[in-house]
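Got your viewer open? Here is a short tour, one selection at a time.

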Amino acid sequence: MSELPHFTHVALERAEHGVYRLRFDHAESRVNKFSTPMMNDLAEAVAALRQLDDLRALVLYSGKPAGFFVGADISEFIPLFAQEPAVIRPDIMRVHQLFNSIEDLSVPTVVAIHGDALGGGLEVALACDFRVLAQSAKVGLPEVKLGLLPGWGGSVRLPRLIGYDNAIEWIATGAMHRSEAALQHGLADAVVDEAELLNAAQTMARRAADGDLGIQQRRARKTTALALPEAERRMATEAAKGMILAKAGPHYPAPARILDTLHRAAILGRSEAIELECTAFIDLARGPVCAQLIGIFLKDQAVKRLAKNYASGATSVDKAAVLGAGIMGGGIAYQGASRGVSMVLKDINDTALQKGLDEADRLVGGQIARGRLDMAAATQVL
């Protein structure tokens with residue numbers, strides 16, 4: 001194949017002899033997200049890569065300055081989740097087959113991550129053999145915040161990479177983790193300066209293609225049952241259950257389903273574990289809690305976009321007043337002062353004024369204690 005095919009949302013590039021790059025670059029958004037058109041382009045690109053005679057290694061990366069991937073296109077969830085399971089399952093399994101095809105490529109795969117790699121973005125990275133992160137990178141599987149669990153292999157691959165205990169914490173809380181934590185837990189294979197990210201990933205790909213870095217053992221680890229004794233697995237599950245379910249409360253089913261799915265999938269191979277994850281994902285997706293949380297998320301995003309539009313046309317403010325002091329007024333005054341706005345507190349009650357000043361002092365003191373303000377900056381705010 002002399003000329004590489006062109007796609008709308010991804011691009012194939014020849015980096016050096018035998019090393020190719022796949023660049024994610026969503027044409028209709030400033031961030032990468034796994035929309036249906038993006039998935040279709042990725043599937044065609046992977047199929048094209050399989051036809052290359054000189055392919056020795058593949059590097060996946062993002063062309064977006066904002067980061068690697070924000071995850072799935074959430075706006076597609078509502079119409080999909082309204083369907084029957086028989087309709088949803090093939091849609092989910094197509095993504096699994098695509099990510100499996102990346103994991104099963106006959107050549108080493110390396111993903112270079114800068115910025116955020118969340119949800120489906122991290123799941124496609126988990127399907128690769130090696131992960132190189134920029135120091136500023138943050139990764140996470142936040143699906144639980146939408147009443148879901150990872151639906152594209154996250155609950156299958158993550159425990160086999162970072163350990164069962166760590167995976168429970170990552171998935172059940174939906175927390176984001178910085179590059180240093182990813183390296184410490186075993187998700188990242190290297191952390192580098194962002195300026196060196198792509199070069200570092202290509203160097204790793206070249207070394208892997210030359211046989212210096214074994215990939216078969218890595219792949220076997222991700223596709224076979226977790227090497228963890230039953231007693232230890234059960235003990236870890238029960239220990240996590242008490243803490244996580246107490247925090248989630250009785251009205252959020254996702255954390256409990258996550259624990260159950262992780263526990264049962266740990267003793268399964270990739271195919272069976274994926275089927276289990278898919279069933280759990282569909283059950284949660286069709287529930288009322290997920291629908292409400294997705295609705296809240298989409299409305300929140302709409303408000304943020306509207307606020308951003310208003311902010312772009314706003315004039316700068318260098319002085320403001322808070323009418324009515326007290327604790328709340330002091331907090332508002334602190335927020336303005338911490339951004340360089342000269343604030344005036346006004347109240348008819350001297351006690352309320354003093355409470356406002358005391359609250360501002362307390363907030364500044366907290367920032368000093370956390371190392372976010374030095375004395376000079378604190379004095380300026382006050």
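**Stop 1: a charged pair between helices**

This is a predicted model. Start by clicking on Asp283, which is partly exposed, with a relative accessibility of 42%. Now add Arg257, which is partly exposed too, at 23% relative accessibility. These two form a salt bridge, and the closest N and O atoms are 2.9 Å apart. Colour helix H11 (residues 254–265) to see where Arg257 sits, then helix H12 (residues 270–285) for Asp283; the salt bridge therefore ties together parts that are 26 residues apart in sequence. What makes such a pair possible? Side chains of opposite charge can pair when their charged atoms come close.

**Stop 2: more salt bridges**

How many salt bridges does the count come to? The answer is 22. For another one, select Asp189 and Arg218: here the closest N and O atoms are 2.6 Å apart. Asp189 is in the loop between helix H7 (179–185) and strand S10 (190–192), while Arg218 belongs to helix H9 (residues 216–223), so this pair links parts 29 residues apart in sequence. Is Asp189 buried, exposed or partly exposed? With 26% relative accessibility, it counts as partly exposed. Arg218 is partly exposed as well, with a relative accessible area of 28%.

Next, pick Arg23 and Asp25, a salt bridge whose closest N and O atoms are 3.6 Å apart. Arg23 has 23% relative accessibility and counts as partly exposed, and Asp25 is partly exposed at 24%.

**Stop 3: rings together**

Time for some aromatic side chains; the model has 10 aromatic pairs. Show the rings of Phe24 and Phe69: their centres are 4.9 Å apart and their planes meet at 75°, so this pair counts as edge-to-face. Planes have to be over 60 degrees apart to get that label. Phe24 is in strand S2 (residues 19–24) and Phe69 is in strand S4 (residues 67–69), so the pair ties together parts 45 residues apart in sequence. Are Phe24 and Phe69 buried or exposed? Both are buried. Now widen your selection to Phe24, Phe34, Phe68, Phe69, Phe99 and Trp152, which make up one aromatic cluster.

**Stop 4: into the core**

Keep Phe24, Phe34 and Phe99 on screen and add Leu22: in the largest nonpolar core, with its 87 residues, these four touch the most other members. Which helix gives this core its largest share? That is H12, with 9 residues. There is also a second, separate core of 18 residues; to find it, select Val19, Ala57, Val59 and Val192, which are among its members.

Now go back to Phe99 and show what surrounds it. Leaving out residues up to four places away in sequence, Phe99 touches Phe34, Met39, Leu42, Gly120, Glu123, Val124, Ala127, Trp152 and Arg157.

**Stop 5: the sheet**

Switch to a cartoon view and look for an open sheet of 4 strands, in the order S4-S6-S8-S9, with mixed pairing. Which strands are at the edges? They are S4 and strand S9 (176–178), each of which pairs on one side only. From one strand to the next, the twist averages 15°. Strands of a sheet pair through backbone hydrogen bonds, either parallel or antiparallel.

For the last selection, take strand S8 (residues 138–140) together with S9: they run antiparallel and are joined by 3 bridges. Finish on Lys138, whose bridge partner in S9 is Arg178.

Note on methods
Residues are numbered from 1 along each chain as its sequence is written. This is a predicted model: local features need pLDDT of at least 70, side-chain atom pairs count only at pLDDT 80 or more; totals for chains, interfaces and linings use all residues. Side-chain values use heavy atoms; hydrogens and water are left out. Rings of Phe, Tyr and Trp (its six-membered ring) pair if their centres lie within 6.5 Å; planes under 30 degrees apart count as stacked, over 60 as edge-to-face and the rest as tilted. Helices (H or I, at least four residues) and strands (E, at least two) are DSSP runs, numbered from the N terminus. Buried means under 20% relative accessible area, exposed over 50%, partly exposed in between (1.4 Å probe, protein chains only). A salt bridge is a side-chain nitrogen of Lys or Arg within 4 Å of a carboxyl oxygen of Asp or Glu. A nonpolar core is a set of buried Ala, Val, Leu, Ile, Met, Phe, Trp, Tyr and Cys residues joined through side-chain atoms within 4.5 Å. Contact means heavy atoms within 4.5 Å. Two strands pair if DSSP finds at least two bridges between them. Axes are lines fitted to C-alpha atoms, for helices over the stretch in contact, and angles run from 0 to 180 degrees between N-to-C directions.
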